[in-house]
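User: Please take a close look at the nonpolar core of this chain. I would like to know what builds it and how far the model can be trusted around it.

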Amino acid sequence: MAVNDEQGEFEITGINITPFVDVMLVLLIIFMVTATYIVKESIEVELPQAASGGETTAKTLVLMVTKENKIYLDGFEVSDQALIDAVKTAPVEKQNMQAVIGADKAASHGSVVHVLDLLRTLGITKFAIQIEKKA
C-alpha cells in the first residue's frame, strides 16, 4: 500500500508478493516437466531399502541375455560358473548387491528365469528388469 505524505510522494508500507508467486509457479512447472526425464526407465522388481545412520555401498551387476541365450556380465560374456565366481568374490555383502537384467525380445523366457534363479540362489534379491520405453 502507498501512503501519501505532505510532499505528494508515496511511501511503500506493504509488500507485493504477486511477482514472488509468479516466479515460484514458473519454477514448479519447470521442475514438473524435467522430473519426467530423470526417472529411470525400468520396471522395479524389488526396491532397495535405505539404511539409516550410515552410508552403504551397493554393487550393481548389469546382466544381459541375448537372443542366442548367452549371458553377459558388465559387457563380457560369462558362463554360469563365471557368474557365480564373480558374485562370490565381490567385496560387497550379498544383501547390498543388486542386479539389472536386460534381455532381447527373442531370448527365451527360460534363460531369463535361469539367470534370476541363479542370482537368488547366490543371495541377491534386489533386481530390476531393463526395458525400452515405447515411442
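Analyst:
**The nonpolar core**

The largest nonpolar core holds 23 residues, and Leu61, Leu63 and Leu119 have the most contacts inside it. Five elements give two or more residues to this core: β4 (60-65), β5 (71-73), α2 (80-88), β7 (98-103) and α3 (109-121). The largest share comes from α3, with 5 residues. Keep in mind that this is a predicted model.

Start with Leu61. Leaving aside neighbours within four places in sequence, Leu61 is in contact with Leu73, Asp74, Val87, Met97, Gln98, Ala99, Val100, Leu119 and Ile124. Leu119, one of these partners, is also among the residues with the most contacts inside the core.

Now α2. Which residues of α2 are buried? They are Leu83, Ile84 and Val87. These residues lie on the same side of α2, because they cover an arc of only 100° around the axis. The buried residues of α2 pack against β4, β5, β6 (76-78) and α3. Val87 is also a contact of Leu61.

Next, the setting. The chain has 3 helices and 8 strands. Along the sequence they run β-β-α-β-β-β-β-α-β-α-β. Of the contacts with a separation of 6 or more, 67% join residues 24 or more positions apart. Of the 135 residues, 22% count as buried. The chain exposes about 10,400 Å², and carbon and sulfur atoms supply 60% of that area.

Towards the end of the chain, take Ile131. Ile131 lies in the segment after β8 (126-130). Is Ile131 buried, partly exposed or exposed? Its relative accessible area is 38%, so Ile131 is partly exposed. A nonpolar core takes buried residues, and buried means under 20% relative accessible area. Ile131, at 38%, therefore does not qualify for the core. The C-alpha atoms of Ile131 and Ala103 are separated by 8.5 Å, with the two positions 28 residues apart along the chain counted as their separation.

Finally, confidence. The chain averages a pLDDT of 78, and 76% of the residues score at least 70. Among the elements, α3 has the highest mean pLDDT (90). That is the helix that gives the core its largest share. Strand β3 (residues 42-44) has the lowest mean, 47. Over residues 42-48 pLDDT stays under 50, and the model has 15 contacts beyond four places in sequence for them.

How values were computed: Residues numbered from 1 in each chain as written. Predicted model: local features only at pLDDT ≥ 70, side-chain atom pairs only at ≥ 80, totals over all residues. Heavy atoms only, no water. Helix = DSSP H or I, 4+ residues; strand = E, 2+ residues; numbered from the N terminus. Buried < 20%, exposed > 50% of the residue type's maximum accessible area, 1.4 Å probe, protein only. Contact = heavy atoms within 4.5 Å. Areas by Shrake-Rupley, 256 points an atom, 1.4 Å probe, with all protein chains shown as cover. Core = buried A, V, L, I, M, F, W, Y, C linked by side-chain atoms within 4.5 Å. Arc of directions from axis to C-beta. pLDDT = per-residue confidence, 0-100.
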